[in-house]
Amino acid sequence: MKKENWKLIGYRVKKDIAELKWAIIAVIAYFALSGRFLGSVCPLVYMTGFPCPSCGLTRAGLAVLHLDFSRAWEMHPFIFLIGLWVLAAAYERYGKGRDGLSFHLKLAGGALIAGMVLFYIYRMYVYFPNCPPMTYYYDNLLYHIWELVKQ
């Protein structure tokens with residue numbers, strides 16, 4: 001790749017980071033603080049105790065970063081499809097220089113979300129409530145409210 005192309009890609013990345021800096025800071029702060037103060041990084045788990053369709057993705061992503069692909073698959077197999085989708089989106093943005101996603105990539109993203117919801121239903125039916133990440137967490141807000149109401 002030519003040096004000019006790399007400079008253009010670098011410019012786009014810096015521009016995107018500058019435009020999204022507060023969102024990036026908020027996400028980092030959320031992940032850093034929520035586990036410490038709420039006991040979970042997932043707001044649905046914190047509120048209801050029930051896992052959400054993306055439950056296990058953070059742990060799967062960390063497993064991928066540690067090159068533990070079997071553990072990542074066990075936690076949430078969609079991590080690999082999401083990774084491919086993110087790479088395709090990055091290629092469109094930085095490689096092709098597009099400002100928005102193509103129709104096909106948007107369609108693939110919608111199909112990915114629909115697939116995750118269907119997979120969630122399957123996992124809830126087969127694994128809930130005793131097989132991580134499809135575990136019910138009793139230390140949730142609604143459970144504590146219910147316990148107070150019962151007294």
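These legends describe close-up views of a predicted model.

**View 1. The largest nonpolar core holds 10 residues.**
Leu57, Ala60 and Ala63 belong to this core. So do Ala72 and Met75. Phe78, Ile79, Leu112, Met116 and Phe119 complete the set. Four helices each give two or more residues to the core: α4 (57-65), α5 (69-75), α6 (78-95) and α7 (103-126). In soluble globular proteins, nonpolar side chains tend to be buried together.

**View 2. Leu112 and its contacts.**
Leu112 is one of the residues of the largest nonpolar core. Leaving aside residues up to four places away in sequence, Leu112 touches Phe78, Leu81, Ile82 and Trp85. Of these partners, Phe78 is also listed in the core.

**View 3. Helix α6 from end to end.**
Helix α6 has 18 residues. At 1.5 Å a residue, α6 should span 26 Å. The C-alpha atoms at its ends are 24 Å apart, which agrees with that expectation. Just after α6 comes Gly97, with a positive phi of about 75°.

**View 4. The buried face of α6.**
Which residues of α6 are buried? They are Phe78, Ile79, Ala89, Glu92 and Arg93. Seen down the axis of α6, the buried residues fall within an arc of 145°, so they line one face of the helix. The cover over these buried residues includes α1, α4, α5 and α7. On the other side of α6, Leu84, Leu87 and Tyr91 are exposed.

**View 5. Val13 in helix α1.**
Val13 sits in α1, which runs over residues 3-19. Is Val13 buried or partly exposed? Its relative accessibility is 30%, so Val13 counts as partly exposed. Val13 and Lys96 are 83 residues apart in sequence. In space, their C-alpha atoms are 13 Å apart.

**View 6. Cysteines without disulfides.**
A search of the whole structure finds zero disulfides. A disulfide is a covalent bond between the sulfur atoms of two cysteines. Why is Cys55 not bonded to Cys52? The Cys52 sulfur is the closest cysteine sulfur to that of Cys55, but at 5.4 Å it is too far for a bond. The cut-off for a disulfide is 2.5 Å between sulfur atoms. Cys131 is in no disulfide either. For Cys131, the nearest cysteine sulfur is that of Cys55, 11 Å away. Cys55 is buried, with a relative accessible area of 7%. Cys131 is partly exposed, with a relative accessible area of 34%.

**View 7. Leu67 in the loop between α4 and α5.**
Leu67 is not a glycine, although its phi is positive, at about 60°. Is Leu67 buried or exposed? With a relative accessibility of 61%, Leu67 counts as exposed. The cut-off for exposed is over 50%.

**View 8. Two cis peptide bonds around β1.**
The peptide bond from Phe128 to Pro129 is cis, and its omega is near 15°. Pro129 lies in the loop between α7 and β1 (130-131). The peptide bond from Pro132 to Pro133 is also cis, with omega near 5°. Where does Pro133 lie? Pro133 is in the loop between β1 and β2 (134-135).

Technical notes. Residues numbered from 1 in each chain as written. Predicted model: local features only at pLDDT ≥ 70, side-chain atom pairs only at ≥ 80, totals over all residues. Heavy atoms only, no water. Core = buried A, V, L, I, M, F, W, Y, C linked by side-chain atoms within 4.5 Å. Buried < 20%, exposed > 50% of the residue type's maximum accessible area, 1.4 Å probe, protein only. Contact = heavy atoms within 4.5 Å. Expected span 1.5 Å × (residues − 1). Arc of directions from axis to C-beta.
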